[in-house]
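Trainee: I would like to go through this model element by element. Can we start with the terms and then the packing?

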Amino acid sequence: MNSQALTKRYQGFNNSHIKKNNNYNYFVLPTAVSLPTFPIPKDLIPVVMRDLKPFDGITEKGTQFLRVLEKIKNAKEIELTEKNYLQIFKIMLYVEEIQNNKDMRRYDQEGKNIERISKNSKIFRIYVDGLMEERPSVRPNDTVEIRDSASKVLYLLTVTNVMNDHLIANAGERFCQEFSPEKSYHVRFKFQNYSLRCCHYAITLMKMYELTPHFFPFKRLTFNKPSSNEYWFNKTIESNPEQRQAVLNIACKASYPAPYILYGPPGTGKTATVVEAICQVWQENPSEHILVCTPSNAAADVITKRLLNCGIPDHNLYRMYSPSKEGSQIDDAIVGCSNYVDGQVMMLPKELVLLKKIVICTLVACTRLLYMDFREKHFAYVFIDEAGQATEPEVMIPFSLLSSTREGRIGRLHSQVVLAGDPKQLGPGVRSKIAEPILGRSMLERMMDCEPYRKNEHGQYNPSYITKLIRNYRSHPAIIRVSNELFYDNELIACGDQEEIRKAENWPYLVQPKFPIVFHGVEGLEEKDQKSPSIFNMAEVEVVVHYVARFLLGQKFNNTIITQADIGIVTPFSAQRFKLHRALQELDINNIDVGTVELFQGQEKEIIILSTVRSKTFYHDNRRHIGFLSNEKRFNVATTRAKALLIVVGSPAILQTDKSWWHLLKFCQFNNAYRGVKFNLRNDIQDFENAIVNGVKHHKWSINDSNLEVIQLDDGIVVSDGGSVVDENERPSTSRNTSNYTLGPVNTYNSYTNNFATNSTFNHPSKYNSYAGSSTAPRSEVLISNVVMQKMSDLKLEKAKAKKERKEKKKKDKNES
């Protein structure tokens, strides 16, 4: 269908449902993606809630769950196989959801007063303790349960804005009528499990499409050979042999059907390589379509802006935001190629999305594309940037677009997938300690243990499957030295602009001239606020502020004045971040980025000041450690953000109990770059490292397949929110403007564990069909239920047909013989 025909087709829409931007894209209001619900197995909940401790009354299924989870908890690594792969991830998603629900209950607040923004307004202000530290983590469009302390009537409010210490929420007519500023209310936050439901749905599709073997790739004979290229969008990539090799191999689909891995250590130009590869495919194959997915909106925006800067027309790009995205946070440079129109997120209809050469979205937002029912060959390439920060089930979501149950298609991938990231930096964020060993390890990291991606006997990677970028353009050689030796086989080469990366060598406050690292030893005390689990260290806050003041007193690096924008302050603890923010604000310093290690991953600054906070050790698994500061991936990220100068503030006596921090201390001490409190560096590092190895469980366990029978991959396919406390017609949709919704009271107030279960499952097709065919089922949900039913039916018929053909062929061969 051409653009003129599309114009005529959408001209008839009511203006309230259709809008047009300056690229003549026609947008419509987003419809709700009513994913199937995936109720947590009722036998699993008490097992996880009791931290895997046996208890009286445990069911047979509960015992099976317990055996599986104990194996996972007690092993450093679980051996995933094609047979147990989907089942293990499914149970891990359930465990993660239980943990998130449990954590949210900690933030229940009683006796709170709520403020009305103005008279007769439907907008209310709710003050929440710990909000700045993301305790709880609340986002726009989340639902907050409000219960009248006296009458016990329950209302639902929808969050519209999240401030430092309060929420702005929208209420329905009933609450507005009965609200009184004199009343007190109980506030309860609900964990939003939409992303986990997307993952469950992806697992279901992986089973339907029989794609599991593709997640355990092996070497094949490759016939696609890279060709020479005459034009490069980024000229520096042409002269970088590793980047050039990666781009050419990706463009020719050298690893197909296996994913191609782009291994990008800090500052090596991973995203630049991804962008160049996308541009090359767009240029050389104008008829092919490209999908780009990332774990976060920020990463997707970076790629979008770089593609625009490379000269790709914005009408070729579609930056698809989810309906919950706040428009105020969208860069003006991106708006023209996005679905943000006239102050709200709209959606392109399928016919127009088909015309876009490059679609860019987050992994979770990619779920919306599944319901557009693209043919499995529509996207010739799928790029997943920052793949090391996504869970495996999240990465499965775009894989779901690349196959189908049609004859000749099932079991096949019809696209070249590219996984770009660094397995040595921080991985996916997982709250459950039980699920962390599985969900906390990305597909990128796990696949690098598979045969095609391992180094050969000569210590080299196979360029047809993987490229490791080794030229660091970010940092001074000294700054990346320790990480290079500990994590990257000493292969990184500092190639940054010499004037830029060496500009701090003459800073007068260096301990050792020409050596741009300072380790400042402090004997502080880690403390906690009464209502916060996070810690802070005021002695370190004073030292950090002291360095900042020095920088901003007109000091220069090579005749360049240091500004607030040149400085970044990193700390592992959110409470320390808050204390640093407040201390800087008292000095009217408001433009220095202060963040946790997670927030700084992927960023860089001329100057990084790192406050480690920790002042005590812990004893666990027969060894001393420093809590999550012992995570070597966190250490790697924290110490590789600086371009010209790195200042580390912390307790040397405490930090040296960890191997990574010991190496940094030794490196600084050897180069006379240490100042502060006196300490003696331990010299028993070999015994120390052996103790760590011996003290940690290092067995690779397999799981008894009979225990995994308790996980039924189709158990979660349901279409109603059984157990919900809100009627479907009263539930605000997260995909539309909620200002006109009426949220009435609810007479029941179930405990959160009661909300986990539902009686409607896919194992009861009559119940499923009766709901889908009823007048009470929302239309979008009926459509999705029909899609699922049809796909499962088609798969069953195709399997029966194939079985019949095999029998007939066998009978025919027997007769002929």
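Mentor: First, a definition. Helices are DSSP runs of H or I with at least four residues, strands are runs of E with at least two, and both are numbered from the N terminus. Keep in mind that the model is predicted.

Trainee: How many helices and strands are there in the protein?
Mentor: Count the DSSP runs of each kind. The protein has 28 helices and 34 strands.

Trainee: What share of the residues counts as buried?
Mentor: Buried means under 20% relative accessible area. The protein has 817 residues. The buried share of them is 54%.

Trainee: What share of the contacts with a separation of 6 or more joins residues 24 or more positions apart?
Mentor: A contact is a pair with heavy atoms within 4.5 Å. Take the contacts in the protein with a separation of 6 or more. Residues 24 or more positions apart account for 76%.

Trainee: Now helix pairs. How are H3 and H4 oriented to each other?
Mentor: H3 covers residues 60–74 and H4 covers residues 85–105. Their axes are 12 Å apart, at an angle of about 90 degrees. Angles of 65 to 115 degrees fall in one class. H3 and H4 are therefore roughly perpendicular.

Trainee: How do the residues of the contact of H3 with H4 divide into nonpolar, polar and charged?
Mentor: H3 brings Phe65, Val68, Leu69 and Ile72. H4 meets them with Ile91, Met92 and Val95. The division is seven nonpolar, no polar and no charged.

Trainee: What is the orientation of H6 to H14?
Mentor: H6 spans residues 194–209 and H14 spans 392–399. Their axes come within 8 Å and cross at roughly 60 degrees. That crossing makes H6, relative to H14, oblique.

Trainee: Which hand does the crossing of H6 and H14 have? And how do the contact residues of H6 with H14 divide?
Mentor: The crossing is left-handed. From H6 come Cys198, Cys199, Ala202, Ile203 and Met206; from H14 come Pro393, Glu394, Met396, Ile397 and Phe399. Glu counts as charged. The division is nine nonpolar, no polar and one charged.

Trainee: On to sheets. Which strands are the edges of the open sheet that contains E13 and E19?
Mentor: Seven strands form this sheet, in the order E13-E16-E12-E17-E18-E11-E19, with parallel pairing. Neighbouring strands are turned by 15 degrees against each other on average, direction ignored. Strands that pair on one side only are the edges: E13 and E19.

Trainee: How many residues of strand E16 are buried?
Mentor: E16 runs over residues 358–362 and is mostly covered. One face holds Ile358, Ile360 and Thr362, the other Val359 and Cys361, and both faces are covered. The number buried is five of five.

Trainee: Over how many bridges does E12 pair with E16?
Mentor: Two strands pair if DSSP finds at least two bridges between them. E12 (residues 289–294) pairs with E16 in the parallel sense. Val292 stands opposite Ile360. The number of bridges is five.

Trainee: Which residue stands opposite Val359 in E16?
Mentor: Look at E13, residues 317–319, which pairs with E16 in the parallel sense over three bridges. There, Leu317 stands opposite Ile358. The residue opposite Val359 is Tyr318.

Trainee: At what angle does H14 run to E17?
Mentor: Compare another helix first: H10 (residues 297–309) lies across E12, E13 and E16, at about 160 degrees to E13. H14 lies across E12, E17 and E18. H14 runs to E17 at about 160 degrees.

Trainee: In what order do the strands of the open sheet with six strands come?
Mentor: The pairing in that sheet is parallel. Its edge strands are E28 (593–595) and E33 (674–676). Neighbouring strands are turned by 20 degrees on average, direction ignored. The order is E28-E27-E29-E32-E22-E33.

Trainee: Which residue stands opposite Ile647 in E32?
Mentor: E29 (residues 605–611) and E32 (residues 642–650) pair in the parallel sense over six bridges. The residue opposite Ile647 is Ile609.

Trainee: Last one. What angle does the direction of H24 make with that of E22?
Mentor: H20 (residues 574–586) lies across E27, E28 and E29, at about 155 degrees to E28. H24 (residues 659–670) packs on the sheet, touching E22, E29, E32 and E33. With E22, H24 makes about 110 degrees.

Key: Residues are numbered from 1 along each chain as its sequence is written. This is a predicted model: local features need pLDDT of at least 70, side-chain atom pairs count only at pLDDT 80 or more; totals for chains, interfaces and linings use all residues. Side-chain values use heavy atoms; hydrogens and water are left out. Axes are lines fitted to C-alpha atoms, for helices over the stretch in contact, and angles run from 0 to 180 degrees between N-to-C directions. Angles under 35 degrees count as roughly parallel, over 145 as roughly antiparallel, 65 to 115 as roughly perpendicular and the rest as oblique. Buried means under 20% relative accessible area, exposed over 50%, partly exposed in between (1.4 Å probe, protein chains only). A crossing is left-handed if the near helix is turned anticlockwise from the far one by less than a right angle, and right-handed if clockwise.
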